[in-house]
Amino acid sequence: MTSRLFLQNSTLHLVGGGYVDTNRIKFELSKAEKIVAADGGARAVVEAGYLPDLVIGDLDSLDMETRRVIPSERIHHIAEQDSTDFDKALRHNHADFFEAHGFMGLRMDHGLAALNVLVRYAHKRCILHAENDVIILCPPKITLELPKTCRVSLFPMAKTTGTSTGLRWPIDDLVFAPWGQSGTSNEALGTVTLSMDEPAMLLILPLDQLGVLRRALANAPSWPDIS
């Protein structure tokens, strides 16, 4: 499939059918250059007062009331059931930057699947919004201008290593793995630099550091596209 949106020098907001805070999604979408709804996420977009530029997915969660207000040419059905709607939305769209809302919070399995998608498309700069946190897959190197004592959590999705500066508990010489060492509730001493050896480490920050994370990720190098 050739995507209907091929966007360069832009930020694309993806909206799923999971939990979204009404006021927060209205604010975020008011600044969005383009909005892509993943299946039932279209309802949250419409309820926020916007129309998605594209609705993509298997459409099993797109209710008829929402569907009636969206131009039919914006609705793209992908019948396969081997991937999630977040996967479809991220895979079939191209942008410099993605912000993903409504993919965490209601069901644990959906949340875990969303984290899996971040790793699968490591070359794409994507911030995953949760209720109280923002999450990215760590790029090869990232520098974050964080306030002192800010929570910095790291969780490996595979066996991996890296180095850091500016953390209360440095990660140098540690071997991380889902079945072993993780980095929950580390703390920033100020500016934090992380360098990772593989595209396998999730970085989780408090929601109030979203602006810091956006700036840092925009300036960070990307992993190569190996798809």
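**View 1. Asp109 and Arg107 pair up in a salt bridge, with their closest N and O atoms 2.5 Å apart.** A salt bridge here is a side-chain nitrogen of Lys or Arg within 4 Å of a carboxyl oxygen of Asp or Glu. Keep in mind that this is a predicted model: local features need pLDDT of at least 70, side-chain atom pairs count only at pLDDT 80 or more, and totals for chains, interfaces and linings use all residues. Residues are numbered from 1 along each chain as its sequence is written, and side-chain values use heavy atoms, with hydrogens and water left out. Asp109 is partly exposed, at 41% relative accessible area, and Arg107 is partly exposed too, at 45%. For these labels, buried means under 20% relative accessible area, exposed means over 50%, and partly exposed is in between (1.4 Å probe, protein chains only).

**View 2. Arg151 reaches Asp133 through a salt bridge (2.6 Å, N to O).** Arg151 sits in strand β9 (residues 151-156) and Asp133 in strand β7 (residues 133-137), so this pair ties together parts that are 18 residues apart in sequence. Strands (E, at least two residues) and helices (H or I, at least four) are DSSP runs, numbered from the N terminus. With 28% relative accessibility, Arg151 comes out as partly exposed.

**View 3. Glu47 and Arg43 join side chains within helix α2.** Their salt bridge spans 3.0 Å, N to O. Helix α2 covers residues 41-47, and the two partners are four residues apart in it, about one turn of the helix. Glu47 counts as exposed, at 54% relative accessibility, while Arg43 is partly exposed, at 44%.

**View 4. Glu28, Glu99 and Arg214 are tied into a network of salt bridges.** For the wider tally, the structure holds nine salt bridges.

**View 5. Leu29 is tucked away as a buried residue.** Its relative accessible area is just 2%. Leu29 belongs to helix α1, which runs over residues 22-30. What does Leu29 touch, leaving aside residues up to four places away in sequence? The contacts of Leu29 are His13, Val15, Ile35, Val45, Ala48 and Tyr50, where contact means heavy atoms within 4.5 Å. If you zoom out to Pro147, Leu29 and Pro147 are 118 residues apart in sequence and 27 Å apart in space, C-alpha to C-alpha.
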